[in-house]
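Here's a quick briefing to read alongside the model. Have the sequence and structure open as you go through it.

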Amino acid sequence: MKNIFLYILGLGVLTLGSCSLDTEPYTEQTDTTFYLNVNDAKSALVGCYDGLQVVSGASGIGIPVVSEVMSDNCFGGTGNADGYNYAAIDEFDITRAPSYVDLYNSNWINYYKALYRCNVFLLKMDQIDWEGDDALRAGYESEVRFIRAYLYFEMVRLWGNIPLVIEPTTENVPQATPDEVYTVIAEDLSFAAENLPSDAYTSVETGRVTKWAAKSLLARVFLYYTGYYSATDLVGVVTKSQTLAHLEDVISSSGHDLVSDFSTLWPAASVENFAGEDNKEVVFSIRYTYTSDYNGNTDGNHWLVMFGMREFTSLPYGSGWGITVNPKLWNAYNENDTRRSASIISIDDEEIPFDKIDNQREYTGYYNKKYTPMSMVDEEGNTVSSVNQYGVSDFQINQYQDYVVMRYADVLLMAAELGSGNAQAYYDKVRQRAYQGNFVSKTVSQANILEERYLEFALEGVRYWDLLRQGVSTAAATIAESTILLSGGVEETKTISASNIETTKGLQQIPNTQITLSSGVLKQNQGW
């Protein structure tokens with residue numbers, strides 16, 4: 001579903017979270033003339049994927065970006081003359097940018113739009129003539145419930161207490177408890193894990209949800225919930241042993257495996273040897289394409305540009321807005337670890353003639369290589385954005401690199417963490433690829449697995465949540481630091497306070513607009 005088309009169906013679209021409903025039909029179809037047959041169901045399913053694509057790729061602040069900025073992997077960076085909204089996120093301190101009372105309003109709106117599509121589809125399941133194909137019905141329902149679970153998992157991690165909407169409504173819905181939200185997530189993913197086909201991933205169209213993706217995401221949810229909330233199981237729905245069994249099933253039956261060379265997972269790290277967006281290690285990804293415009297097409301990866309070198313192009317890297325990587329991450333890698341140079345752009349080590357330091361805030365000399373805009377040489381010999389090869393030229397909205405939500409390496413390390421009898425072998429397999437001929441075995445342990453996750457999934461939007469699930473105090477102590485960075489070419493002290501992270505419990509700001517529209521039914525998170 002790389003080139004997804006838009007369906008907004010009949011009942012209207014939830015435009016402002018739980019607080020406002022736009023009831024004007026966007027097509028001539030209504031809920032009584034649509035959702036009648038298998039073709040309608042397929043169109044509605046595509047609409048649900050489109051909702052996920054929009055909210056993840058083109059809504060407000062990119063969640064993969066802020067997940068890195070909130071962690072100890074990246075600083076807020078951006079331009080020296082820009083606002084301080086990314087600094088406020090980085091430092092968990094809204095006084096750094098007090099006018100930014102709606103940091104995530106676009107995200108919030110589009111999350112609930114996407115949820116609306118899922119909820120309408122699920123509500124209309126019995127209205128559709130499935131032509132006796134129960135397996136097709138169960139498969140479509142599973143995909144939609146996976147998407148809904150994914151959306152709610154991002155939201156509940158980001159904001160904690162959120163309105164839980166599982167059917168279309170115009171009510172002013174109050175915030176649910178996290179347990180209520182996690183119950184829906186656990187039930188949705190369990191349903192998908194049970195009802196999607198057991199075929200190898202290669203039999204499924206790239207980008208669509210598989211049984212293996214559902215099982216893997218369920219394990220990620222289990223580890224986060226039980227860690228952050230100090231629980232022994234996932235809201236009484238899924239146990240530790242069941243979670244491990246799901247992962248062992250992925251390992252034995254999915255057909256997924258590690259690619260042999262870590263660098264080939266990332267376009268900018270491999271260029272001519274890129275393994276492709278549908279390589280065997282990708283368990284689930286959110287797909288983007290290059291056709292975004294300013295007329296309603298929002299199917300591109302709009303957040304990728306934030307990770308690019310600030311206003312500077314050097315083959316194969318393209319220009320971006322300068323979220324900077326913490327030198328601490330570069331220094332955490334052993335020099336024999338091939339993941340270091342595949343994950344991070346090092347200005348000095350790669351001898352890049354970067355000359356925009358005066359434009360860059362919080363300059364460190366390091367940028368994200370896994371997710372960065374790319375450049376190419378055109379027919380006239382000019383260095384241009386790689387999006388130009390497709391007849392488009394806006395490097396801000398036409399980026400097309402997919403976001404890899406879950407890799408097989410994560411499945412291996414989660415299974416090891418949950419106590420698999422093969423824990424040492426799974427742990428070694430990930431490390432052997434990283435070190436190639438320089439591999440030296442280490443004894444598997446909880447601490448070593450978490451350290452390996454830090455290095456393996458750096459800059460992929462995973463680290464912050466791995467820290468939080470170890471406890472807010474642990475996350476705060478790890479992220480907090482005071483260091484000297486260059487802003488506009490001038491040294492300044494950068495301070496991230498542990499107390500701010502503890503005060504907010506690691507949660508982010510609920511948009512003030514949503515609180516106002518709810519007439520105060522929604523309550524702001526502490527510290528914001």
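In which hand does α1 pass α5, left or right? The crossing is left-handed. Keep in mind that this is a predicted model. The notes below go through three helix pairs, then the cavities, then a couple of backbone oddities.

**α1 against α5**

- Helix α1 covers residues 38-57 and packs on α5 at an angle of about 20°, with the two axes 10 Å apart.
- Angles under 35 degrees count as roughly parallel, and α1 and α5 are therefore roughly parallel to each other.
- On the α1 side, the contact uses Val-38, Ala-41, Lys-42, Leu-45, Cys-48, Tyr-49, Leu-52 and Val-55.
- Facing them from α5 are Leu-136, Tyr-140, Glu-143, Val-144, Ile-147, Tyr-150 and Leu-151.
- Sorted by class, that contact holds 13 nonpolar residues, two charged ones and no polar ones.

**α12 with its partners α7 and α13**

- Take α7 and α12 (residues 408-417) to begin with: their axes come within 10 Å and cross at roughly 45°.
- That angle makes α7 oblique to α12, and the crossing is left-handed.
- From α7, the residues Ser-216, Ala-219, Arg-220 and Leu-223 meet Asp-410, Val-411, Met-414 and Glu-417 of α12.
- This contact splits into four nonpolar, one polar and three charged residues.
- α12 also packs with α13, at an angle of about 145° and with the axes 8 Å apart.
- Here too you get a left-handed crossing as α12 passes α13.
- α12 brings Tyr-408, Ala-409, Leu-412, Leu-413, Ala-415 and Ala-416 to the contact, while α13 supplies Ala-423, Tyr-426, Tyr-427, Lys-429, Val-430 and Arg-433.
- The class split for α12 with α13 is 10 nonpolar, two charged and no polar residues.

**Cavities**

- How many cavities of 30 Å³ or more are there? The count is four.
- The largest cavity has a volume of about 240 Å³.
- Its lining takes in 21 residues, and the closest to the centre are Arg-157, Arg-220, Gly-461, Val-462 and Trp-465.
- Arg-220 is worth a second look, as it also sits in the contact of α7 with α12.
- The elements giving two or more residues to the lining of the largest cavity are α2 (63-70), α5 (134-159), α7 (211-228), β10 (403-407) and α15 (463-468).
- By class, the lining of the largest cavity has 12 nonpolar, two polar and seven charged residues.
- Next comes the second largest cavity, with a volume of about 100 Å³.
- Its lining includes Leu-265, Trp-266, Pro-267, Phe-274, Gly-276 and Glu-277, along with Asn-279, Val-282, Gln-401, Asp-402, Val-404 and Arg-407.
- That second lining divides into six nonpolar, three polar and three charged residues.

**Backbone oddities**

- Most residues other than glycine have a negative phi, and most peptide bonds are trans.
- Which peptide bond is cis, with omega near 5°? Look at the one from Leu-315 to Pro-316.
- You'll find Pro-316 in the loop between β4 (309-310) and β5 (319-320).
- Gln-436 has a positive phi, near 50°, despite being a residue other than glycine.
- Gln-436 lies in the loop between α13 (423-435) and α14 (446-456).

Methods: Residues numbered from 1 in each chain as written. Predicted model: local features only at pLDDT ≥ 70, side-chain atom pairs only at ≥ 80, totals over all residues. Heavy atoms only, no water. 1 Å grid on protein atoms, 1.4 Å probe; cavity = no way out; pocket = protein on both sides within 12 Å on 5 of 7 lines; lining within 4 Å. Points joined across faces, edges and corners; volume = space filled by probe spheres on them. Helix = DSSP H or I, 4+ residues; strand = E, 2+ residues; numbered from the N terminus. Nonpolar A, V, L, I, M, F, W, Y, C, P; charged D, E, K, R; others polar. Axes fitted to C-alpha atoms, helices over the stretch in contact; angles between N-to-C directions. Parallel < 35°, antiparallel > 145°, perpendicular 65-115°, else oblique. Left-handed = near helix turned anticlockwise from the far one by under 90°. Contact = heavy atoms within 4.5 Å.
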